[in-house]
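Colleague: I'm new to reading protein models, and I'd like to learn how to look at one. Could we go through this one together?

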Amino acid sequence: MPTLREQQSKFARMVADLIIKAFEMGYEVTLGDAFRDPRLHGEFGIKKGYGAANSFHKQRLAIDLNLFKDGRFLGTTDDHKKLGEWWESKGGTWGGRFKDGNHYSLGE
């Protein structure tokens, strides 16, 4: 099994491809949550603050992306569907399957 560092490196490369794909699809992107500091959100497995106890953000294996089209914020899960399905085809997990459309992770 790959180490956490190896998984983080793989995920970082996948996110680079995700952002490029988003721009190719005509979106603009800004970054949302990528890392949730355990001092504020608890260690992995512990819920503190917002988010899940086992959030992959805590392991640097998830990112939230904000999509825009023609300067307009796209905030619904449906807005992310095409990009999310592309992400899944590359081996990622898309949060749209659990009502968190802007969430992209290595796996959950």
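Modeller: Happily! Let's begin with a term: accessible areas come from the Shrake-Rupley method with a 1.4 Å probe. Please keep in mind that this is a predicted model.

Colleague: What does the accessible surface of the chain come to, and what percentage of it belongs to carbon and sulfur atoms?

Modeller: The total for the chain is about 6,400 Å². Of that surface, the part belonging to carbon and sulfur atoms is 54%.

Colleague: Which pattern does the chain follow when read along the sequence?

Modeller: Start with the secondary structure, which comes to 3 helices and 5 strands. Writing α for a helix and β for a strand, the order along the sequence is α-β-α-β-β-α-β-β.

Colleague: Are the rings of Phe11 and Trp87 stacked or edge-to-face?

Modeller: Their centres lie 6.1 Å apart, and ring centres must be within 6.5 Å to pair. The planes meet at 85°, and angles over 60 degrees count as edge-to-face. Phe11 sits in helix H1 and Trp87 in helix H3, 76 residues apart. So the Phe11 and Trp87 pair is edge-to-face.

Colleague: Which residues do ring pairs link into a cluster?

Modeller: Besides its pair with Phe11, Trp87 forms an edge-to-face pair with Tyr104, at 6.0 Å centre to centre and 90° between the planes. Trp87 lies in helix H3 and Tyr104 in strand S5, so this pair ties together parts that are 17 residues apart in sequence. The cluster is therefore made of Phe11, Trp87 and Tyr104.

Colleague: Is Phe11 buried or exposed?

Modeller: A residue counts as buried when its relative accessible area is under 20%. Phe11 touches residues including Arg60, Ile63, Trp87 and Leu106. Like Trp87, Phe11 is buried.

Colleague: Which element gives the largest share of the largest nonpolar core?

Modeller: In soluble globular proteins, nonpolar side chains tend to be buried together. Here the largest nonpolar core has 20 residues, and Phe11, Leu18, Leu67, Trp87 and Tyr104 touch the most other members. The elements giving two or more residues to this core are H1, strand S2 and H3. The largest share, 5 residues, comes from H1.

Colleague: Which residue lies over the face of Tyr27?

Modeller: For a charge to sit over a ring, NZ of Lys or CZ of Arg must be within 6 Å of the ring centre. At Tyr27 the distance from the ring centre is 4.8 Å, and the residue over its face is Lys69.

Methods
Residues are numbered from 1 along each chain as its sequence is written. This is a predicted model: local features need pLDDT of at least 70, side-chain atom pairs count only at pLDDT 80 or more; totals for chains, interfaces and linings use all residues. Side-chain values use heavy atoms; hydrogens and water are left out. Rings of Phe, Tyr and Trp (its six-membered ring) pair if their centres lie within 6.5 Å; planes under 30 degrees apart count as stacked, over 60 as edge-to-face and the rest as tilted. Helices (H or I, at least four residues) and strands (E, at least two) are DSSP runs, numbered from the N terminus. Buried means under 20% relative accessible area, exposed over 50%, partly exposed in between (1.4 Å probe, protein chains only). A charge sits over a ring if NZ of Lys or CZ of Arg is within 6 Å of the ring centre and within 35 degrees of the ring normal. A nonpolar core is a set of buried Ala, Val, Leu, Ile, Met, Phe, Trp, Tyr and Cys residues joined through side-chain atoms within 4.5 Å. Contact means heavy atoms within 4.5 Å. Lists of a residue's contacts leave out its neighbours within four places in sequence.
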